[in-house]
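Trainee: I have the sequence and the model open, and I would like a close look at the aromatic rings. Please start there, then take me outward to whatever surrounds them.

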Amino acid sequence: MVVDVHSSVSRLPLMDGSDHSELSGNLSVADENQSKLSDSESPCSVSSSVSSFDSEKTEDPIHHDSKRISGELRVLEPHSQLPKPEPPPGIAISSAGEPPYKRSQSLAENISVDMPSIGKFIRERSSSLSVAIFKRISSLRDENVDTDDNGKSQTGVTEIKLSGLKVVVKMKSDEDKNRELKGRISFFSRSNCRDCKAVRSFFNEKGLRFVEINVDVFPQREKELMKRTGSSSVPQIFFNEKLFGGLVALNSLRNSGEFDQRIKDMLSSKCPDEAPATPVYGFDDPEEESPDGLLEIVKFLRSRLPIQDRLIKMKIVKNCFSGGDMVEALIQRLDCGRTKAVEIGKQMAQKLFIHHVFGENEFEDGYHFYRFLEHGSCISRCFNFRGSVNDNEPMPAAMVAQRLAKIMSAILESYASNNLQHVDYLAVSNSEEFRRYINLTQELHRVNLKALSHNEKLAFFLNMYNAMVIHGLIRFGRVEGVIDRKSFFSDFQYLVGGQPYSLIAIKNGILRGNRRPPYSFAKPFSSGDKRAELAFGEVNPLIHFGLCSGTKSSPRVRFFSPQGVEAELRCAAREFFQAGGVEIDLDKRTVLLTGIIKWFGVDFGNEKEILRWIMKFLDGNKAGLLTHLLGDGGPVNIAYQNYNWSMNSC
């Protein structure tokens with residue numbers, strides 16, 4: 001009878017509580033006897049010795065093949081005519097006749113024998129599997145993989161199918177290889193530059209990391225561009241510190257088929273300090289400040305005038321002072337006459353340092369009450385106000401508008417989708433361009449909007465609306481629900497030209513000529529509101545397709561130039577209608593229009609006028625269908641699409 005050595009020995013301590021020293025001594029006797037056995041009998045002897053040990057403990061007379069002599073265990077050899085036992089599965093007999101195991105000398109292992117463990121089994125199987133995979137890869141000729149003339153894989157991905165296993169071998173992609181480049185690609189650009197857009201798109205398609213230096217966002221870098229290239233033209237591409245050229249040079253290298261190798265050669269070394277520096281947090285573009293000429297007087301008056309709350313015309317007016325007190329303070333400070341002091345007060349009102357609490361006049365001596373701009377009731381809630389008014393000399397409104405438009409265009413080019421339908425608001429919020437934009441909005445505090453021409457004013461407020469929506473969504477995040485949307489469009493404000501402007505005030509008060517918003521009974525500007533002086537007299541219905549409210553159903557976001565604002569608005573309307581802003585069902589004789597026309601129908605006219613007006617912005621197919629519906633004399637039904645208020649984020 002063959003006994004499993006490992007299992008039998010491992011059960012010994014559980015039989016009768018015998019101590020380990022006795023077992024160790026008994027097994028040592030078996031070891032001495034084992035060395036005297038023949039090669040053919042040794043496995044049987046070991047098994048018999050352990051079996052007899054079991055028998056002695058259980059006092060079984062039939063299987064009692066051993067005797068205890070002087071406290072020792074004697075092993076009896078089996079009869080030579082008995083059949084030889086076979087080893088259990090998993091135990092191999094070496095050629096020398098010795099079992100492939102050794103007893104441990106430690107106390108914990110005195111009764112255990114090393115056997116092939118599960119870990120050893122897994123390692124052996126893993127090694128065999130690895131060899132199989134290696135041989136399969138080495139001899140692989142996959143017929144399903146497209147190859148070129150040289151027999152190389154075009155896709156770079158190969159599937160290997162083994163029994164019960166699927167292995168995918170993926171070659172390094174261009175993006176992975178580009179990560180290994182140590183150098184840096186830089187290029188100088190401008191906003192709304194077609195060639196710069198082509199360079200940017202090419203690098204993005206190739207998965208190459210690059211640094212873009214927009215001289216409209218960082219105007220001080222234009223001097224560096226001139227010094228490095230001898231010209232102000234863009235784009236100008238640099239590989240590390242070496243000037244490569246513009247779009248023409250890039251196209252030539254791409255068409256030659258040597259672009260990847262040239263990039264690898266030119267960017268194999270670390271970028272030196274002589275290369276164009278990456279734009280950082282404001283340190284490379286210091287702004288030159290020019291304080292206002294009246295600033296010293298304003299600072300004096302802020303500290304000397306008795307500013308307090310007063311009851312005026314049965315109203316409590318906070319943080320105000322009288323014109324007479326201001327005149328007296330100026331006379332004392334400047335040692336001038338009363339007329340001169342009044343003249344200085346009017347200059348301060350024109351530069352928007354102060355204003356009448358009820359907007360009745362610029363500045364007069366006597367019992368008239370005024371307040372400083374920063375003390376206005378709504379000023380502290382404006383999101384371009386940081387606790388104090390910009391006291392520098394106001395920039396011309398046209399210049400501020402141009403710089404804001406260029407910065408926001410640069411933001412869209414870098415952080416919006418190619419069709420401008422989606423914006424990566426998180427990336428925008430973390431960008432240096434957006435920080436520059438926020439700083440520039442402080443120039444709006446005391447800007448003179450009355451100096452703008454008609455087209456300049458139209459482009460300015462269109463751009464201001466779209467920029468404020470981006471800023472507001474970054475500030476508040478996703479706007480959900482009717483109440484939240486109403487709060488967003490009415491409470492998010494900028495301080496512009498000494499007055500607070502919300503999104504509702506810009507759209508309905510300025511661009512729509514102070515008309516009531518949808519589902520509202522009040523106009524944005526009341527009588528006597530100075531902002532009403534800037535409102536347009538006639539409503540241009542195209543403005544609705546130039547304003548982006550940050551939703552998926554709104555027109556795409558864009559920024560306009562004063563020179564081409566009318567043409568750009570027509571282009572915006574054409575793109576909106578051709579992208580799904582109108583649908584025509586000829587069988588049902590129904591025209592589905594955007595909800596924008598439903599809410600602002602008064603700006604477009606009656607239904608037939610609306611359809612005829614829309615027709616000039618449709619493609620040939622839809623225009624033909626609509627012409628057929630309007631010309632056959634039958635009824636035409638107008639329905640409106642469901643508006644998707646989801647955020648237009650990437």
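Mentor: Happy to. One criterion comes first: a charge sits over a ring if NZ of Lys or CZ of Arg is within 6 Å of the ring centre and within 35 degrees of the ring normal. Keep in mind, too, that this is a predicted model.

With that in hand, look at Trp-645: Arg-485 lies over its face, at 4.0 Å from the ring centre. Another case is Arg-228, which lies over the face of Phe-238 at 5.7 Å from the ring centre. We will come back to that part of the chain.

Now for rings that meet rings. The structure holds 32 aromatic pairs. Take Phe-363 and Tyr-370, for example: their ring centres are 5.0 Å apart and their planes stand at 40°, so this pair is tilted. Both Phe-363 and Tyr-370 are buried. Phe-577 and Phe-617, in contrast, make a stacked pair, with 6.3 Å from centre to centre and 25° between the planes. Phe-577 belongs to helix 19 (residues 565–581), while Phe-617 is in the loop between helix 21 (607–615) and helix 22 (620–631), so the pair ties together parts that are 40 residues apart in sequence. Phe-577 counts as buried because its relative accessibility is 0%, and Phe-617 is buried as well, at 4%. There is also a cluster held together by ring pairs, made up of Phe-383, Phe-476, Phe-488, Phe-489, Phe-492 and Tyr-494.

From here, step over to a helix. Helix 16 (454–476) and strand 13 (493–496) are among the elements that cover the buried residues of helix 15, and so are helix 13 (397–415) and helix 14 (425–429). Helix 15 itself, residues 432–440, is mostly covered, with 8 of its 9 residues buried. As a reminder, an α-helix has 3.6 residues a turn, so residues three or four places apart point the same way. The buried residues of helix 15 include charged-type names you may want to click on, namely Glu-432, Glu-433, Arg-435 and Arg-436, and alongside them Phe-434, Tyr-437, Ile-438 and Leu-440.

Let us go back towards Arg-228 and Phe-238 by way of the sheet. Four strands form an open sheet with mixed pairing, in the order 6-5-7-8. Strand 6 and strand 8 (242–245) are the edges, each pairing on one side only. From one strand to the next, the twist averages 25°. Strand 5 (residues 185–189) runs parallel to strand 6, and the two pair over 5 bridges; within that pairing, Phe-187 has Glu-212 of strand 6 as its bridge partner. Helix 6 (residues 194–206) packs on this sheet, where it touches strand 5, strand 6 and strand 7 (236–239), and its direction makes about 160° with that of strand 5.

Follow the chain out of strand 6 (210–214) and you reach Asp-216, in the loop that leads to helix 7 (221–229). Asp-216 counts as buried, because its relative accessibility is 13%. A polar atom of the Asp-216 side chain lies 2.9 Å from the backbone nitrogen of Ser-191. Beyond its neighbours within four places in sequence, Asp-216 is in contact with Ser-191, Arg-190, Lys-406 and Ile-407.

Another loop residue to find is Pro-279, between helix 9 (259–266) and helix 10 (295–304). Its C-alpha atom is 7.0 Å from that of Ile-213, although the two are 66 residues apart along the chain. Pro-279 is also buried, as its relative accessibility is 16%.

One last stop is Ser-322, in strand 10 (residues 315–322). With 8% relative accessibility, Ser-322 counts as buried. Its side chain makes a polar contact of 2.9 Å with the side chain of Asp-325. Leaving out residues up to four places away in sequence, Ser-322 touches Arg-310, Gly-366, His-368 and Phe-369.

To set these places in the whole, the protein chain has 22 helices and 17 strands. Buried residues account for 42% of its 650 residues. Of the contacts between residues at least 6 apart in sequence, 67% join residues at least 24 apart.

Conventions:
Residues are numbered from 1 along each chain as its sequence is written. This is a predicted model: local features need pLDDT of at least 70, side-chain atom pairs count only at pLDDT 80 or more; totals for chains, interfaces and linings use all residues. Side-chain values use heavy atoms; hydrogens and water are left out. Buried means under 20% relative accessible area, exposed over 50%, partly exposed in between (1.4 Å probe, protein chains only). A polar contact is a pair of N or O atoms within 3.5 Å; within protein, one must be able to donate a hydrogen and the other to accept it, and residues adjacent in sequence count only if both atoms are side-chain atoms. Contact means heavy atoms within 4.5 Å. Rings of Phe, Tyr and Trp (its six-membered ring) pair if their centres lie within 6.5 Å; planes under 30 degrees apart count as stacked, over 60 as edge-to-face and the rest as tilted. Two strands pair if DSSP finds at least two bridges between them. Axes are lines fitted to C-alpha atoms, for helices over the stretch in contact, and angles run from 0 to 180 degrees between N-to-C directions.
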